[in-house]
Amino acid sequence: MPVHNADIARVFEDIADLLEISEANPFRVRAYRNAARTIGDVRLDLAAAIGSGKEIPKLPGIGADLDAKIHEIASTGTCALLEKLKKQLPPAITELLKIPGLGPKRVKALHEALDIDTLPQLLEAARKGKIRDLPGFGAKTEAHIVEAVQARLGQAKRFKLAVAAQYAQPLAAYLRGAKGAREVVIAGSYRRMKETVGDIDILVTAAAGAPVMERFVKYPEVREVLSKGDTRASVLLTCGLQVDLRAVPPESFGAALHYFTGSKAHNIAIRRLAQDRGLKLNEYGVFKGETRVAGETEESVFASVDLPWISPELREDRGEIEAARRGELPRLVERGDLRGDLHLHTKASDGRSSLREMALAAKARGLDYIAVTEHSQRETQAHGLDSARLLKQLGEIDRLNAELKGITILKGTEVDILEDGSLDFPDSVLAKLDVVVAAVHARFNLPRAQQTARILKALDNPYVSILAHPSGRLIDEREPYEVDMQAVIRRAKARGIALELNAHPDRLDLDDIAARMAKEEGARVAINSDAHSVHDFENLAFGVGQARRGWLEARDVLNARPLAEVRKLLARAEPAAPRRRRARE
DNA sequence: GCCGTTTTCGGCCCGACTGTTTTCAGTCG
């Protein structure tokens with residue numbers, strides 16, 4: 001079984017959880033958590049690198065001990081420390097930490113006093129009233145535990161960004177009507193354009209917070225008020241989404257916005273910089289002693305630690321602070337940079353709008369060109385086109401191009417990559433097209449080596465121009481298939497093929513990490529809507545958000561280029577590289 | 001467990017709210 005970075009990260013998370021319950025040095029616990037996060041973010045496949053005898057680069061927060069443990073996990077899948085901890089504490093106990101209100105101290109107390117190690121045991125004890133009498137617990141805590149465990153066993157999950165937006169925006173508009181409210185901003189992971197959000201953080205500036213909190217908890221969609229003070233309140237909406245509201249005075253706006261935008265890791269890193277300069281940074285401002293020296297704007301907060309303003313999408317402590325210090329922040333791609341859209345469908349396959357409607361909608365949204373890329377014949381459930389229907393569509397495109405002004409329709413297909421890596425249309429058909437988007441739509445469960453070989457073979461087809469949704473994942477629904485993404489990206493780069501960043505909120509594939517890998521490998525990315533109706537062009541904004549999280553600039557994005565240039569790049573398909581005999585030279 | 005132009009030892013981000021307390025620990029973000 002290959003060990004992925006996520007597996008190593010999970011071992012470290014488990015160690016951190018178990019150490020925490022054992023009341024180990026909290027800074028040691030933090031070291032494991034930081035390492036887990038770093039490894040989860042790193043783009044190099046650590047186990048693969050170690051397996052091939054390569055040195056792994058120095059990673060921040062990982063010293064000699066953790067480096068040795070990474071090697072141990074890479075070769076064995078686990079590590080002796082974790083196994084030792086599991087003998088001292090039942091591993092399932094870490095589940096209890098996920099119950100809101102339960103931290104390491106209480107979990108330890110429950111384990112020692114009542115022998116509770118699992119969520120069902122916890123629920124049973126709480127229902128029987130056994131918990132209220134423990135020191136530090138009470139009847140209210142017990143009731144909360146019952147609810148929280150039931151919620152967790154039932155659903156409790158993160159919300160896709162696009163879904164969260166549908167609830168958050170009307171709520172923010174409602175709060176703008178609160179007495180004394182000035183700025184109302186949705187901050188948190190929403191502002192960082194994370195693909196899913198666990199909750200919504202809203203920041204309000206007001207001279208007095210109380211009236212805003214009053215209005216907040218009266219919002220018609222509030223199912224439950226979780227907490228409420230004068231400056232802070234949390235509610236659960238009927239849809240299950242938690243919303244945290246904070247109110248600060250107007251002069252604290254920038255500091256609070258920075259604070260509540262996060263990420264936590266970014267904030268900690270920035271605060272440390274402030275500390276180095278003898279400053280204290282909190283949500284109310286930047287302070288030298290008792291004196292506020294900055295905080296009205298985010299720019300002033302960054303300036304106080306000698307940095308330029310950093311875009312929210314970059315604030316993950318993944319190197320943005322170092323890049324800012326060196327003056328090497330990327331000029332992130334913006335929605336307005338997109339000149340075209342190279343993947344969309346019409347009624348001819350499984351779309352809901354006509355080609356004419358799609359073309360006019362794209363034009364109305366500021367695009368100069370689109371590629372119509374219907375499904376190929378294999379996709380029968382999507383009414384995929386066979387060669388005859390595809391060729392017939394080409395005539396319709398010619399007629400529309402002659403008629404419509406200000407928008408150009410390129411001829412394309414979203415052709416299936418079959419199990420053996422061949423394509424669902426013969427080259428003779430593909431040769432007639434401007435854009436060939438190749439996609440895996442079936443056999444997601446092939447072994448990693450086979451899946452990788454399948455996709456690499458498809459990339460060697462001289463007509464392929466874009467690899468669609470390269471990981472195949474559907475957020476919260478389907479895991480990505482097993483594939484060597486770095487090998488795929490490198491082959492795409494070598495062949496002049498763009499990797500799609502599919503902007504559909506359910507996909508956002510490439511994800512941020514893979515998008516950044518593509519950039520670093522020098523491969524081009526196409527931010528495509530995969531629109532199935534005229535409304536789906538709006539999804540491009542989510543794709544751009546993910547691209548920005550991946551540090552992409554306009555120059556990295558194929559469809560940020562003018563049509564003439566894109567045509568040149570698409571035509572310049574190079575012959576497949578001769579297959580190398582050996583892995584190493 | 002990590003880290004270092006003040007340090008190889010002694011630090012490690014900071015504040016609000018809740019519940020169980022009777023002044024604060026625990027948890028959360």
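Is F444 buried, exposed or partly exposed? The tour returns to this residue at its last stop. Please note at the outset that the model is predicted.

**First stop: DNA strand B**

Select DNA strand B together with the residues near it. There are 50 such residues around the strand, and the closest are R30, G101, G138, Y259 and R271. Of the strand's atoms that come within 4 Å of the protein, 74% belong to sugar and phosphate. Colouring the surrounding residues by character shows 19 charged, 17 nonpolar and 14 polar ones.

Next, display the secondary structure around the strand. Several elements each supply at least two residues to this surface, among them the helices α2 (26-41), α4 (64-76), α6 (104-114), α8 (139-154) and α13 (264-276). The strands β5 (222-228), β7 (242-248) and β8 (280-282) likewise each supply at least two.

Three individual contacts merit a closer view. At G103, a backbone N or O atom lies 2.8 Å from a phosphate oxygen of DNA strand B. At K140, an N or O atom of the side chain is 3.5 Å from a phosphate oxygen of the strand. At T141, the side chain places an N or O atom 3.2 Å from a sugar or linking oxygen of DNA strand B.

**Second stop: helix α20**

Now select residues 485-495, which form helix α20, and highlight its buried residues: M485, V488, I489, A492 and R495. Viewed down the axis of α20, these buried residues fall within an arc of 135°, so they line one face of the helix. Their packing partners are α19 (448-459), β15 (466-467), β16 (498-502) and α21 (512-521). Just after α20, select G496, which takes a positive phi of about 70°.

**Third stop: aromatic pairs**

The model contains five aromatic pairs. Select Y174 and Y219: their ring centres are 4.7 Å apart and their planes meet at 55°, so this pair is tilted. Y174 belongs to helix α9 (residues 161-175) and Y219 to the loop between α11 (210-217) and β5, so the pair ties together parts that are 45 residues apart in sequence. Both Y174 and Y219 are buried.

Finally, select F444 and Y481, a stacked pair with 6.2 Å from centre to centre and 15° between the planes. F444 sits in the loop between β14 (435-439) and α19, while Y481 sits in the loop between β15 and α20, so this pair ties together parts that are 37 residues apart in sequence. The opening question can now be settled: F444 has a relative accessible area of 24% and is therefore partly exposed. Y481, with a relative accessible area of 6%, is buried.

Terms used. Residues are numbered from 1 along each chain as its sequence is written. Chains are lettered from A and ligands numbered from 1 in the order in which they are written. This is a predicted model: local features need pLDDT of at least 70, side-chain atom pairs count only at pLDDT 80 or more; totals for chains, interfaces and linings use all residues. Side-chain values use heavy atoms; hydrogens and water are left out. A residue is near a molecule or strand if one of its heavy atoms lies within 4 Å of it. A polar contact is a pair of N or O atoms within 3.5 Å; within protein, one must be able to donate a hydrogen and the other to accept it, and residues adjacent in sequence count only if both atoms are side-chain atoms. Helices (H or I, at least four residues) and strands (E, at least two) are DSSP runs, numbered from the N terminus. Ala, Val, Leu, Ile, Met, Phe, Trp, Tyr, Cys and Pro count as nonpolar, Asp, Glu, Lys and Arg as charged, and the others, Gly among them, as polar. Buried means under 20% relative accessible area, exposed over 50%, partly exposed in between (1.4 Å probe, protein chains only). The arc is that of the directions from the helix axis to the C-beta atoms. Contact means heavy atoms within 4.5 Å. Rings of Phe, Tyr and Trp (its six-membered ring) pair if their centres lie within 6.5 Å; planes under 30 degrees apart count as stacked, over 60 as edge-to-face and the rest as tilted.
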